[in-house]
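Let's walk through this structure together, one neighbourhood at a time. Keep the 3D view open as you read.

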Amino acid sequence: MKRLPLAVAITAFLVFLAWSVALRQALLFLVGIGLGAVLAGARFGFTTGWRKLIEQRDPSGVLAQLVLLAIAAAVSIPLLAAYPTDLGAALGPPSVSLIVGAFVFGACMQVADGCGSGTLYKAGLGIPMNMAILPLFAIGSFLGSATLSQWLSLGALPPYGLVTHFGAPTALLLTLAGLALVGWGVTRWTGRSTPWWDRKLLVGAVLLAALAVLNLVIAGQPWGIVYGFGLWAAKLATAAHLFDPAANAFWSEPVNTATLTQSIFLDVTSITNIGILAGALWIAAGKPRSAARPMTASQWMIGLGAGLLLGYSSRLAFGCNIGAMVSGISTGSLHGWIWVPMAFLGSLIGVRVRRRFAF
């Protein structure tokens, strides 16, 4: 019975999208629901997987992420090569902005206990800290977009796509070889003291890969999180006359100006984000609610501060674990391979901060 009102609301919104907005947006909403349900149902946490590797030498979460990347790349890269005018890769420029942003993001995601997708699905599950962080994430993402041009002026190279430069076969081979090398290094470092595989996470990885490919095919662009957050805050700031998009390098770009002036229901990233929240709410409605552990005032302040920085740094880094790592690597973007080691180095710091303040 708990799910009945939610099912009615989801169905009504789905009909509204299909009838009044676009069938594509309705399909993307369904993809988002699937993503949210899988993330929440399997508790597929990118942040948690990295933290368990660092603290417990448990590689199961990271290995599941590598499986997700490999499957998504095996389908996405040939599709990008076959339909270059219809599908686009998640490209970001190698830059100072990317290096700094990825490092800060890696640290903050451990403190806030959630990356972009983690914040979304945990907010949908009703976890208080992530619910409070979600609007701060959006504000931070907007502030990051508003100052991105200054960061890029510190040094940036053009985006580098493996598919464009090498063709699909070589790009896929390089990507799978890189993932295999990372997997080999992880298992060598952890040893055999803990199980390498978690069945629930592996199933989640396969489903997430399939849904990510569906998102690419339907939307024409890879799965993303961060842009939608920044857009929401930018629309509010513009409506309140606190921000002039025409005076900003990022938001005055034609594609961003057009997105800012239209309904958020027409933005593919926003609609999948809303779907992720709905999918997580569906999972939460089917499970008994567990009481959250009380947090101290210091923990709240540090966690909320980390949430704001999550949004800011993710925009500087051209994505979070989804937009930069999953979509970047699986579509052959060099910036995804730069993002991962920098974010992991940041996570080493973030884990220590969590331990220091007893999160």
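The side chain of Asn 215 comes to 3.2 Å from the backbone oxygen of Gln 221, and this is a good place to begin in what is a predicted model. Asn 215 sits in helix H11, which covers residues 199-219. Is Asn 215 buried or exposed? Its relative accessible area is 3%, so Asn 215 counts as buried. If you set aside the neighbours within four places in sequence, the contacts of Asn 215 are Leu 28, Val 31, Gly 220, Gln 221, Pro 222, Trp 223 and Thr 272.

Trp 223, one of those contacts, leads us to the nonpolar interior. As a rule, nonpolar side chains in soluble globular proteins tend to be buried together. Here the largest nonpolar core has 74 residues, and the members that touch the most others are Phe 44, Phe 46, Trp 223, Trp 251 and Trp 339. Another core lies apart from that one; it has 13 residues, including Leu 17, Leu 28, Ile 33 and Ala 219. Take a moment to look around Trp 339 as well. Leaving out neighbours within four places in sequence, Trp 339 is in contact with Trp 50, Leu 98, Ala 102, Phe 105, Ala 317, Gly 319, Cys 320, Asn 321, Ala 324 and Met 325.

Now for the charged side chains. How many salt bridges does the structure hold? There are three. In one of them, Asp 113 meets Arg 51, with N and O 3.0 Å apart. Asp 113 belongs to the loop between helix H5 (96-112) and helix H6 (116-124), while Arg 51 is in helix H3 (residues 46-56), so this pair ties together parts that are 62 residues apart in sequence. Asp 113 is partly exposed, because its relative accessibility is 21%, whereas Arg 51, at 11%, counts as buried.

Asp 113 also has a salt bridge to Lys 122, where the closest N and O atoms are 3.3 Å apart. With a relative accessibility of 4%, Lys 122 is buried. Shared partners join Arg 51, Asp 113 and Lys 122 into one network of salt bridges.

Another salt bridge pairs Arg 355 with Glu 55, their closest N and O atoms being 3.5 Å apart. This pair links distant parts of the chain, since Arg 355 is in helix H17 and Glu 55 is in helix H3, 300 residues apart. Glu 55 has a relative accessibility of 39% and so counts as partly exposed.

Helix H17 is worth following out to the surface. A nonpolar surface patch of about 320 Å² is formed there by Phe 103, Leu 345, Leu 348 and Ile 349. Which helix gives the most to this patch? Helix H17 (residues 334-356) does, with three residues. Leu 348 is placed in helix H17, and its relative accessibility of 33% makes Leu 348 partly exposed.

Our last stop is Met 295, found in the loop between helix H14 (268-285) and helix H15 (297-316). Its relative accessible area is 28%, so Met 295 is partly exposed too. Not counting residues up to four places away in sequence, Met 295 touches Met 129, Trp 300 and Phe 359. To get a feel for distances across the model, try Met 295 and Leu 27: they are 268 residues apart along the chain, and their C-alpha atoms are separated by 39 Å.

Methods: Residues numbered from 1 in each chain as written. Predicted model: local features only at pLDDT ≥ 70, side-chain atom pairs only at ≥ 80, totals over all residues. Heavy atoms only, no water. Patch = residues over 30% accessible without salt bridge, like charges linked within 9 Å, V, L, I, M, F, W, Y side chains within 5 Å. Areas by Shrake-Rupley, 256 points an atom, 1.4 Å probe, with all protein chains shown as cover. Salt bridge = Lys/Arg side-chain N within 4 Å of Asp/Glu carboxyl O. Helix = DSSP H or I, 4+ residues; strand = E, 2+ residues; numbered from the N terminus. Buried < 20%, exposed > 50% of the residue type's maximum accessible area, 1.4 Å probe, protein only. Polar contact = N/O pair within 3.5 Å; in protein donor to acceptor, adjacent residues only side chain to side chain. Contact = heavy atoms within 4.5 Å. Core = buried A, V, L, I, M, F, W, Y, C linked by side-chain atoms within 4.5 Å.
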